[in-house]
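Let's take a walk through this model, starting from one spot and working outwards. Keep the viewer open as you read.

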Amino acid sequence: MTQDTLSLKVQQLQAGFPERLVQLPDGSEVAWREAGNVAGDAAAGFAVVLLHGISSGAASWLDVALPLGSQARVLAWDAPGYGASTPLAQPAPTDADYAGALARSLDVLGLRRCVLVGHSLGALMAARLACTAEPGLIEQLVLISPAGGYGAPAKAEQRAKVHQGRLASLAEKGVAGLAAVIDQRLVSDQATEAVREWVRWNTARMHAGGYAQAVELLCGSDLGQAAGKLSMPVQVWVGEHDVVTPPAACKAWAELLGAHYGTLAAAGHASPVEQPGVIAQKLASLLNQSTSP
């Protein structure tokens with residue numbers, strides 16, 4: 001992707017998936033991007049809600065949101081500590097803290113029903129909210145390449161290594177250094193340079209403090225805690241070339257959560273960037289299964 005092409009992409013983002021700040025009752029703010037408002041979705045209190053992963057942001061959903069916006073209202077947040085969103089007050093926040101901020105945001109936005117989609121680390125936030133939300137708020141839960149977290153007692157050794165390793169990498173390389181090579185692990189070998197550049201651009205916009213808080217979430221959470229607590233239909237999708245949350249691991253999570261499992265062809269971990277059209281189509285098919293307002 002040339003600099004001119006990247007500039008056009010950013011212009012497309014600003015025009016077609018603009019950002020606005022939502023103020024929560026405690027005075028903190030959450031940045032949301034929005035596309036579409038089909039058949040009065042806003043008035044009906046319905047939207048597809050998209051949660052990004054640990055090395056990304058709301059803008060990573062651009063090419064999912066634009067086509068999907070022709071069929072539904074689409075909202076994507078910058079999680080607390082990302083973009084213009086206020087960091088959480090806790091130095092080591094849990095999935096419950098992020099889910100709480102999400103629930104308060106959805107309330108301020110006037111949402112009464114949603115299809116909730118969590119990618120990677122966002123899946124931990126989405127699953128936590130799905131376990132505690134008021135009945136009917138989340139009609140469908142979609143977990144794309146879900147991070148399982150390292151909070152389970154059996155993962156204590158892994159947890160310590162991941163915690164130390166990620167924070168050491170951040171201290172050594174900084175956000176810019178992490179962004180420069182992030183695509184090497186997040187996309188498939190077939191990914192175009194344009195895809196790789198968009199992945200790097202999104203990572204480069206992270207704040208070190210927000211990323212460090214998200215590492216605490218990753219290390220302290222356990223997706224397995226959601227087992228038996230999800231009352232809505234659940235989908236688990238994964239890129240067939242994902243080396244971060246491999247298909248075998250995602251299939252195991254799907255079985256534990258009682259979810260429908262599917263793979264995404266020609267995609268690595270960052271499938272919302274690498275295969276956005278496929279994801280938009282799959283989400284559009286789920287909209288037909290949502291209840292009428």
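H269 touches H119, S120, S145, L186, D242, V244 and T245, leaving out residues up to four places away in sequence; contact here means heavy atoms within 4.5 Å. You'll find H269 in the loop between β8 (260–264) and α11 (271–274). Helices (H or I, at least four residues) and strands (E, at least two) are DSSP runs, numbered from the N terminus. One of the neighbours, T245, also shares a polar contact of 3.3 Å with H269, side chain to side chain. A polar contact is a pair of N or O atoms within 3.5 Å; within protein, one has to be able to donate a hydrogen and the other to accept it, and residues adjacent in sequence count only if both atoms are side-chain atoms. H269 counts as buried because its relative accessibility is 4%, where buried means under 20% relative accessible area, exposed over 50%, and partly exposed in between (1.4 Å probe, protein chains only).

A quick word on ground rules: this is a predicted model, where local features need pLDDT of at least 70 and side-chain atom pairs count only at pLDDT 80 or more, while totals for chains, interfaces and linings use all residues. Residues are numbered from 1 along each chain as its sequence is written, and side-chain values use heavy atoms, with hydrogens and water left out.

Now look at two serines on the contact list of H269, S120 and S145. S120 sits in the loop between β5 and α5, and its phi is near 55 degrees, a positive value in a residue other than glycine. S145 lies in the loop between β6 and α6 (156–181); its phi is near 45 degrees, again positive in a non-glycine residue. S120 has a relative accessible area of 8%, so it is buried. S145 is buried as well, at 0%.

Step from S120 into helix α5, residues 121–132, and you're in mostly covered territory: 9 of its 12 residues are buried. Among them are L121, L124, M125 and L129. What do the buried residues of α5 pack against? The list is β3 (46–51), β4 (74–77), α4 (95–108), β5 (113–119), β6 (138–144) and α9 (208–220).

Follow α9 onwards and you reach the loop between α9 and β7 (234–239), where S221 is found. S221 is buried, given its relative accessible area of 1%. Setting aside neighbours within four places in sequence, S221 is in contact with D95, L124, G148, G149, Y150 and G151; L124 is one of the buried residues of α5. A227 is in the loop between α9 and β7 too, but A227 counts as partly exposed because its relative accessibility is 28%. Beyond four places in sequence, A227 touches L256 and L257. The C-alpha atoms of A227 and C131 are separated by 9.1 Å, with the two residues 96 apart along the chain.

Finally, zoom out. The protein chain comes to 12 helices and 8 strands. Its radius of gyration is 17 Å, close to the 19 Å that the globule rule gives for 293 residues, so the chain is as compact as a globular protein of that length. That radius is taken over C-alpha atoms, and the rule is 2.2 Å times the number of residues to the power 0.38. Of the 293 residues, 54% count as buried. Among contacts with a separation of 6 or more, 79% come from residues 24 or more positions apart.
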